[in-house]
Amino acid sequence: MVNSRYFLLLFVLSLFSCKAQVKTDLSKLSLDEPITELIDFKNKNLIGVETVEYPFCLLIEIENGSKFSFDGIDLKNQKVFFQINAEALKTDSLTKGGGGHVSFEPFKNKEKLDSILTSYQASQVIYGFRIEMKDENLQKELLKKVESRYGKGTKNTNTDHGLYWNLKKEHKYIFFAPDYDRLIVLNNTNLSKTCYWDLMNGMIDFGGCDKEGYSKELMKNAKKVAEVKEKPSLIIDSNWNPDPLILGETNENDFVKSRLNRNFERKLIWDDADSQVIYENPNNNLFLQFTLKNGGDENQKVNIFEGYYMEDFKRVNVSFQNGIKPFARKVDVIKLIGKDQIVDYDEVKFSNYLEIKNPDYQIRLLFATDKDINKALFEKIYVTKKTKQG
């Protein structure tokens, strides 16, 4: 009798154990699932804008994908991102602070989630996901799974090792981007059927892509350049400082009193690792970043200037003391700067950005999309203090 009870207890415990280990298989999602069906409010969940991942949508970041799998592959210790359509981000000021800007906030209940979604005019359902795949073996495993289902992918000529699949019957796009450690799967029902762009994959033409029309649709809520008045004038010195501000030295109070401080809105971004004060001038697509130190929400003298972003040179009067011209061709910018001053030049030569070598700051020059990337025009700049590792 004791033995039978003992084995019954083991059996019941094993049932609960199996139930607890069930993972959501991302490969089986239709990608129109409600957000609340995929996340656990008990976990640490972040939602917001990450402009390197993809600036035109909201992202929910799951730090550890232990509750997810992909066709049997465990995603423990890998980041998982869910993409959510957000109408408020379809504008030329979408980046809200930088070409590599991160603005996430936590949510612990449905009320907070709904409030954030409403503020971005966002959907209640997902339309895609991104899987981090930093491990080379994981990359191989995921690629093998995708190829076993859909065959060999099409080479993405914008990257060294990227592939993509246009699955018309399933209404999905799959982007394998090992150069950027990402597997991306999207429901394309409400996306362009001829064009796709993100910073990791570049512009992809599925056939008949009207790039200009596609870009306009991505930024359909943008304010027209003709409507922009009182363009601020900036001179970027040889050390990439926007006069009169000096990176790492100018404090927030100095900026507030400067000639540059016109038409800016101040925002506080609270983050455990890197809290910031952001000044946004959305009409001119100009954004400034300051550290937010203890007491800095009230004492502006302790917050130090750490970065800036100009999203469209048409909206500002800008000149560079090093000789670079706004809207110069990428090939001409490379000649002026020198390949030896560009970070990982061989890896980014097909990308729409260049990163300038600097020990303290990430300096990115961004170029408009063009069929011939060397003819793409220099139209944006992003500069921010590097995050300390470890």
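In this predicted model, the face of helix α2 turned away from its buried side carries the exposed residues E111, T118 and S119. The helix covers residues 110-119, and its buried residues are L113, I116 and L117. Seen down the axis of α2, these buried residues fall within an arc of 100°, so they line one face of the helix.

The two ends of α2 can be read in turn. At the N-terminal end, N109 acts as a cap, with a side-chain oxygen 3.3 Å from the backbone nitrogen of E111. E111 is also one of the exposed residues on the face turned away from the buried side. Just after the helix comes Q121, which takes a positive phi of about 50°. Q121 sits in the loop between α2 and β8, a strand of residues 128-132. With a relative accessibility of 51%, Q121 counts as exposed, because the cut-off for that class is over 50%.

Backbone angles of this kind deserve a short comparison. Most residues other than glycine have a negative phi, and most peptide bonds are trans. Q121 is a residue other than glycine with a positive phi, and N77 is another such residue, with phi near 70°. N77 lies in the loop between β5 (73-74) and β6 (80-85). The relative accessible area of N77 is 53%, and N77 is therefore exposed. As for peptide bonds, the one from D243 to P244 is cis, with omega near 15°. P244 is found in the loop between β15 (233-236) and α5 (252-256).

The loop after α2 leads to β8. Five of the five residues of β8 are buried, so the strand is largely enclosed by the rest of the structure. Both of its faces are covered: G128, R130 and E132 are buried on one side, and F129 and I131 are buried on the other. Which strands pair with β8? One partner is β6, which runs antiparallel to β8 and is joined to it by four bridges. Within this pairing, Q83 has G128 of β8 as its bridge partner. Another partner is β12 (residues 182-187), also antiparallel, with five bridges to β8. Here I131 is matched with L183 of β12.

A separate set of strands forms an open sheet of three, in the order β1-β4-β5, with mixed pairing. Its edge strands are β1 (24-25) and β5, each of which pairs on one side only. Strand β4, made of residues 68-70, pairs with β5 in the antiparallel sense over two bridges. F70 has I73 of β5 as its bridge partner.

The nonpolar interior comes next. The largest nonpolar core has 68 residues, and those with the most contacts inside it are W240, Y308, M310, L365 and I381. Strand β22 (residues 361-367) gives the largest share of this core, five residues. A second, separate core of 41 residues includes V49, L89, L117 and L143. L117 is also one of the buried residues of α2, which ties that helix to the second core.

M310, in the largest core, can serve as an example of the surroundings of a core residue. Leaving aside neighbours within four places in sequence, M310 is in contact with L234, I236, N285, L286, V316, V318, E379, K380 and I381. I381 is itself among the residues with the most contacts inside the largest core.

The cysteines complete the picture. How many disulfides does the model contain? The count comes to one. It is formed by C195 and C209, whose sulfur atoms are 1.9 Å apart. The link is right-handed, with 115° about the S-S bond. The pair links distant parts of the chain, 14 residues apart: C195 is in strand β13 (residues 195-198), while C209 is in the loop between β14 (202-205) and α4 (211-218). Are these two cysteines buried or exposed? C195 is buried, with a relative accessible area of 2%. C209 also counts as buried, at 14% relative accessibility, because the cut-off is under 20%. A further cysteine, C57, is buried with a relative accessible area of 0%.

Key. Residues numbered from 1 in each chain as written. Predicted model: local features only at pLDDT ≥ 70, side-chain atom pairs only at ≥ 80, totals over all residues. Heavy atoms only, no water. Buried < 20%, exposed > 50% of the residue type's maximum accessible area, 1.4 Å probe, protein only. Arc of directions from axis to C-beta. Polar contact = N/O pair within 3.5 Å; in protein donor to acceptor, adjacent residues only side chain to side chain. Pairing = 2+ DSSP bridges. Core = buried A, V, L, I, M, F, W, Y, C linked by side-chain atoms within 4.5 Å. Contact = heavy atoms within 4.5 Å. Disulfide = S-S within 2.5 Å.
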